[in-house]
Amino acid sequence: APAAPAATPAPAAVPAPATRARPAARPVPEGMVAIRAPMLGTFYRAPSPGEKPFVEAGQQVKADDTVCLIEVMKLFNSIRAGVNGKIAEIRPLNAALVEYNEVLVLIEPAKA
C-alpha cells in the first residue's frame, strides 16, 4: 500500500495585519472651529509638490480661503476655512490618507 502522505502542519495562525493605527481622535478644544474632511481621500497642504502650503499655524484666514486639498481618484477638492479666524492647528501630515469627517484644521474664530 502506498505510504500515506505526511500530514502537513496547519499554517501557524497569522495575526491579521494591524490596520494602520490611528491615534484616538483628539477632542476639538472649546471655542475652536474644526474643518473636517468631507470625504475619504489624500490630504495635501499645498497646491502642488514644492509649492508653499495654503496655510500655516498662526496665519489669519478668511472664510473663503482654501486651507487644503483632498484628492480622490485624481480629482482635487479645495477645502475652505468656512470662518474668519486664525489657524490654530493642522492635524494630518501632508499626503496622509484622511477619513471622512476627520479633523483637518482647527481655526480660532475671529472675535466679532
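Arginine 91 is buried in this predicted model, its relative accessible area being 18%, and its side chain meets that of glutamate 89 in a salt bridge with an N to O distance of 3.5 Å. Glutamate 89 also forms a salt bridge with arginine 26, for which the closest N and O atoms are 3.0 Å apart. Because arginine 26 lies in the segment before strand 1 whereas glutamate 89 belongs to strand 6 (residues 85–90), this pair ties together parts that are 63 residues apart in sequence. Arg26, Glu89 and Arg91 are thus linked in a network of salt bridges. Within this network, glutamate 89 is partly exposed, with a relative accessible area of 23%, and arginine 26 likewise counts as partly exposed, at 46% relative accessibility.

The count of salt bridges comes to three, and one of them joins the side chains of arginine 45 and glutamate 56, with 2.8 Å from N to O. Both arginine 45 and glutamate 56 are placed in the loop between strand 2 (41–44) and strand 3 (60–61), eleven residues apart. Glutamate 56 is partly exposed, its relative accessibility being 39%.

Valine 33 is found in strand 1, which spans residues 33–36, and is partly exposed, with a relative accessible area of 24%. Apart from neighbours within four places in sequence, valine 33 is in contact with Val83, Val105, Leu106, Ile107 and Pro109. For valine 83, which lies 50 residues from valine 33 along the chain, the separation between the two C-alpha atoms is 8.0 Å.

Key:
Residues are numbered from 1 along each chain as its sequence is written. This is a predicted model: local features need pLDDT of at least 70, side-chain atom pairs count only at pLDDT 80 or more; totals for chains, interfaces and linings use all residues. Side-chain values use heavy atoms; hydrogens and water are left out. Helices (H or I, at least four residues) and strands (E, at least two) are DSSP runs, numbered from the N terminus. Buried means under 20% relative accessible area, exposed over 50%, partly exposed in between (1.4 Å probe, protein chains only). Contact means heavy atoms within 4.5 Å. A salt bridge is a side-chain nitrogen of Lys or Arg within 4 Å of a carboxyl oxygen of Asp or Glu.
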